[in-house]
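Please open the model in a viewer with the chains coloured separately. The tour below proceeds by selections, each followed by an account of what is found there.

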Amino acid sequence: MITASTLWEELERIRAVSPLIHNITNYVVMNTTANALLAIGASPVMAHAIEEVEEMTALSKALVLNIGTLSASWVDSMVHAGQEARRRQIPIILDPVGCGATSFRTAVAQRLLHEAPPTIVRGNASEIRALVFAEQSTKGVDSTQTSEASLEAAQLLAHKSQCVVSVSGPTDLIVTESGLLRILNGHPMMPSVTGLGCTASAITGAFAAVGSSPSAAAAHAMAVMGIAGEMAGERCAAPGSFQTHFLDALYLMTEEDILRRLKLA
Amino acid sequence: MITASTLWEELERIRAVSPLIHNITNYVVMNTTANALLAIGASPVMAHAIEEVEEMTALSKALVLNIGTLSASWVDSMVHAGQEARRRQIPIILDPVGCGATSFRTAVAQRLLHEAPPTIVRGNASEIRALVFAEQSTKGVDSTQTSEASLEAAQLLAHKSQCVVSVSGPTDLIVTESGLLRILNGHPMMPSVTGLGCTASAITGAFAAVGSSPSAAAAHAMAVMGIAGEMAGERCAAPGSFQTHFLDALYLMTEEDILRRLKLA
Amino acid sequence: MITASTLWEELERIRAVSPLIHNITNYVVMNTTANALLAIGASPVMAHAIEEVEEMTALSKALVLNIGTLSASWVDSMVHAGQEARRRQIPIILDPVGCGATSFRTAVAQRLLHEAPPTIVRGNASEIRALVFAEQSTKGVDSTQTSEASLEAAQLLAHKSQCVVSVSGPTDLIVTESGLLRILNGHPMMPSVTGLGCTASAITGAFAAVGSSPSAAAAHAMAVMGIAGEMAGERCAAPGSFQTHFLDALYLMTEEDILRRLKLA
């Protein structure tokens, strides 16, 4: 699906083009995902008012929908924005944060899947299983399963919803109707920083925005996240510093870093 | 109430069990309190939609209610979540941010006190005085008084509401109906970082979640905050860096750090 | 309009008086602008509920209105707060974030201009042009123009709305009905950190709060932002670290730093 070369080219394209990414996302991560998008070279915008979401989506090169702190009026805005994106063939990334933790979240994620069909679904294993099997999760927004445990669910989802499914974990899975890629990059400190999954979804939007195919965009994004995580993890011993170094790594990442580190399976 | 040993044991328990803490809190601090909970080893979730707060509370080991950027619909959600927590005997931490600054905040804090009775109230001296005496504050969300000036109010509140009252300041007070503990740890730069009071409330939730008695949980949390503040303060000279070092200290804190630093009176 | 001396005096005054600044601002930047206000010595409060905005404004020394993530109910609160500020002669800073990106944003910014007339409007060139000429912008919340391209619009706005207009960019313009000042301080990494424009508006509030004339307050704020940016940029090579060093610089800035760096034209 991807190579170090395609990753470097697409990263360079993001830095050159600075695509506008429209995020309707959760309160916890708005600041950090905006900073991650800027660090990688993209241009973030956050807007959720029903009066403006369609216009904002129309200006954008990708739409990221994230249900991390949802409420009814935000869901309506997500549907409107998603339908505008579909009309204009703008890629949609859905992050079903906490799907399975409550029946409301599961229902909203399933509604978005149908009313604003995503190009790419990016979640952790518990979320993907909950989205497909309506399984209940017991750990809030954190995964209780390895990404491998969600493989069947991801394949079903990719087939039924005609989308790419990107499952994050120590091993990331990129699942299409007919293909599967495993990305082995990453660092054990990543789950100790809030919102890195949400950041992965935003970064996925940035790669989708510059024209990578959906499967390549999903893979490029998870690879960049994992490589930046490794670069950060080598520079510090705790999550406060990690967050700073992670943003720095997104900004400073060179072709050499990618060539030396990218690990696929 | 507590010793270096009990503090270390309970901190180890949080790291081992990773309790889910449900926060209905303010926009300003969502990211930083989530990161503080992760750094200490707990698992944060933020959810405020009336459709899901009861289910999310039911999954959790503690509920933190914080009125820092309140609005009417959020208050309803706080009441629902609080009542579910009471039914399930899940500890509730109430942080009456800015109580006394406006009559709306004072009324909301008093409503929560009655309709979702907290296990622990954690606030600054001005907030505790306003909650008990309906006194008006003149400085927004910052305290204009020392914690000692709130001692009588805290004791009245502990008695009338049958809760533990945790008052933060250069000296922290842990007030129960019959007891009083002073914690002397901390660093003068702490008030220059936004939301460390809110973080204290979230961390109080983490200690309450692993089974410390309410008074011990309140004391363990304020001691950990103060010790992490000292560790951060020794490593930097300004609040931007302080925030990073503070998170790192929560993650890296050892038994030795606690033994060497804990100061009670 | 300003000198290194007046800037240092007013910065010292903020640190001494710690004025309360009421912010009704966007979710993305609440945490970072609160921290910037604390770092400079001011006292931030964020409150948006219609039930309390007037009381909160009445306690404050400046009101900052920022439409970065607006919705209808927030706009009503901004109008109420703004009208209370006018009644009490409390300076109002309006930041028309993303004005021009959607017709809703443009309409809201123009409504605030009329119903809650600002003392100072602080925006980027695209926003100021959109506010005056109802011009559509094509890049979300980032400017597509240099500040010079907005000079005519800024002068018209200053005249028609009897306010000071502060346009940020590599060169900042401070525009009054009869005067113009250019501030040359700053660092190329500043646009790579989210919300530094919003931070500039909050800091403008802090200078307005301690009694600088509106034009001096606008100029002092942009000069402090630019100088802090230079100090941060000399200490790091990427935006994650830059954000930390920027906050540190606001806190640590000395008279010497100002004397050595301030560049006006």
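**Two crossing helices in chain A**

In this predicted model, begin with chain A, where α2(A) passes α8(A) in a right-handed crossing. To display the pair, select residues 30–40 of chain A for helix α2 and residues 196–209 of chain A for helix α8. The axes of these two helices come within 9 Å and cross at roughly 40°.

Next, show the side chains where the helices meet. On α2(A), select Thr32(A), Thr33(A), Ala36(A), Leu37(A) and Ile40(A). Their counterparts on α8(A) are Cys198(A), Thr199(A), Ala202(A), Ile203(A), Ala206(A) and Phe207(A). What is the character of the residues in the contact of α2(A) with α8(A)? Eight are nonpolar and three are polar, while no charged residue takes part.

**The contact of chain C with chain B**

Now hide the helix pair and select chains C and B. To their contact, chain C contributes 28 residues and chain B contributes 33 residues. The size of an interface is often given as the accessible area lost when the parts come together. Between chain C and chain B the buried area is about 2300 Å², and carbon and sulfur atoms give 58% of that area.

Which residues of chain C lose the most area to chain B? Select Asn31(C), Glu52(C) and Leu59(C), which together account for 20% of what the chain C side buries.

Keep Glu52(C) on display and add Arg105(B): the two residues form a salt bridge, with their closest N and O atoms 2.8 Å apart. The count of salt bridges between chain C and chain B is one.

**The rotation axis**

Finally, return to the full set of chains and consider how the copies are related. A turn of 120° with a shift of 0.0 Å along the axis lays chain A on chain C, with an RMSD of 0.0 Å. This is the relation of a three-fold axis. To find the axis from chain A, select Tyr27(A), whose C-alpha lies 3.8 Å away and comes closest among the residues of that chain. Chains A and C use different surfaces, since 7% of the contact residues of chain A recur in chain C.

Chain C can likewise be laid on chain B by a turn of 120° and a shift of 0.0 Å along the axis, with an RMSD of 0.0 Å. Here, select Tyr27(C), which has the C-alpha nearest the axis in chain C, at 3.8 Å. These copies also use different surfaces: of the contact residues of chain C, 7% recur in chain B.

Definitions and conventions: Residues numbered from 1 in each chain as written. Chains lettered and ligands numbered in written order. Predicted model: local features only at pLDDT ≥ 70, side-chain atom pairs only at ≥ 80, totals over all residues. Heavy atoms only, no water. Least-squares fit on C-alpha atoms with pLDDT ≥ 70 in both. Contact = heavy atoms within 4.5 Å. Axes fitted to C-alpha atoms, helices over the stretch in contact; angles between N-to-C directions. Helix = DSSP H or I, 4+ residues; strand = E, 2+ residues; numbered from the N terminus. Left-handed = near helix turned anticlockwise from the far one by under 90°. Nonpolar A, V, L, I, M, F, W, Y, C, P; charged D, E, K, R; others polar. Buried area = accessible area lost by both parts, 1.4 Å probe. Salt bridge = Lys/Arg side-chain N within 4 Å of Asp/Glu carboxyl O.
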